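Here is the note you asked for on this model. The points below deal with helix packing, the core and a few individual residues.

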Amino acid sequence: MKKCGKWEFNMDTACVEMKRLDGTILAIDTLAVEREFVETWLDRRELDYLIYNDPDAYADLVLNGDVKEYLDTVRQGQ
């Protein structure tokens, strides 16, 4: 996907969103991602950190299907 904007967390919708140049909005439902991948509060903490501090990296993880691999790697380091 060609990058055409910056991902930002929208607290009102609990989504990480990007407004495209044509006015459409791409949204990732963070609650749905958590339901799918979070096993412990530490997993939730890791994803929350990305959501608030680096939404571009969060979107990259989700869109490339790397969330489980990322959380598995983080768990090994703890």
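Contact, as the word is used in these points, means heavy atoms within 4.5 Å. The model is a predicted one, and each point should be read with that in mind.

1. The packing of α2 on α4. Helix α2, residues 41-53, packs against helix α4, residues 67-76, at an angle of about 115 degrees, and their axes are 10 Å apart. The crossing of this pair, α2 and α4, is right-handed. From α2 the contact draws on Asp43, Glu46, Leu47 and Leu50, which meet Val67, Tyr70, Leu71, Val74 and Arg75 of α4. By class, the residues of this contact of α2 with α4 comprise 6 nonpolar and 3 charged, with no polar ones.

2. The largest nonpolar core. This core has 14 residues, of which Trp7, Val16, Ile28, Val33, Leu47, Tyr58 and Val67 touch the most other members. The elements that contribute two or more residues to this core are the strand β2 (15-19) and the helices α2, α3 (55-63) and α4. Leu47 may serve as an example: leaving out residues up to four places away in sequence, Leu47 touches Val33, Val38, Tyr58, Val67 and Leu71.

3. The two sides of α1. Which residues of helix α1, residues 30-37, are buried? They are Thr30, Val33 and Glu34, and because they cover an arc of only 100 degrees around the axis, they are on the same side of α1. The face of α1 turned away from this buried side carries Arg35 and Glu36, both of which are exposed. The cover over the buried residues of α1 includes the strands β1 (8-10), β2 and β3 (25-29), together with the helices α2, α3 and α4.

4. The two sides of α4. In α4 the buried residues are Val67, Leu71 and Val74; seen down the axis of α4, these fall within an arc of 60 degrees, so they line one face of the helix. The spacing is in keeping with a general point, namely that an α-helix has 3.6 residues a turn, so residues three or four places apart point the same way. On the other side of α4, Glu69 and Gln76 are exposed. What covers the buried residues of α4 includes α1, α2 and α3.

5. Asp43 and Arg75. Is Asp43, a residue of helix α2, buried or exposed? With a relative accessible area of 2%, Asp43 is buried, since the cut-off for that term is under 20%. Not counting residues up to four places away in sequence, Asp43 touches Phe37, Val38, Leu71 and Arg75. Arg75, for its part, belongs to helix α4 and is partly exposed, with a relative accessible area of 25%. Once its neighbours within four places in sequence are left aside, Arg75 is in contact with Phe37, Glu39 and Asp43. Arg75 and Glu46 are 29 residues apart along the chain, and their C-alpha atoms are separated by 9.9 Å.

6. Leu61. This residue is placed in helix α3 and is buried, with a relative accessible area of 13%. When residues up to four places away in sequence are not counted, Leu61 touches Leu50, Asp66, Val67 and Tyr70. Of these, Leu50 is 11 residues from Leu61 in sequence and 9.8 Å from it in space, C-alpha to C-alpha.

7. Two loop residues. Ala14 lies in the loop between β1 and β2, and its phi is near 60 degrees, a positive value in a residue other than glycine. At 17% relative accessibility, Ala14 counts as buried, and a colleague checking the backbone may wish to look at this residue. Asp54, in the loop between α2 and α3, counts as partly exposed at 33% relative accessibility. Asp54 and Glu8 are 46 residues apart in sequence, while their separation in space is 8.5 Å, C-alpha to C-alpha.

Methods: Residues numbered from 1 in each chain as written. Predicted model: local features only at pLDDT ≥ 70, side-chain atom pairs only at ≥ 80, totals over all residues. Heavy atoms only, no water. Axes fitted to C-alpha atoms, helices over the stretch in contact; angles between N-to-C directions. Helix = DSSP H or I, 4+ residues; strand = E, 2+ residues; numbered from the N terminus. Left-handed = near helix turned anticlockwise from the far one by under 90°. Nonpolar A, V, L, I, M, F, W, Y, C, P; charged D, E, K, R; others polar. Core = buried A, V, L, I, M, F, W, Y, C linked by side-chain atoms within 4.5 Å. Buried < 20%, exposed > 50% of the residue type's maximum accessible area, 1.4 Å probe, protein only. Arc of directions from axis to C-beta.
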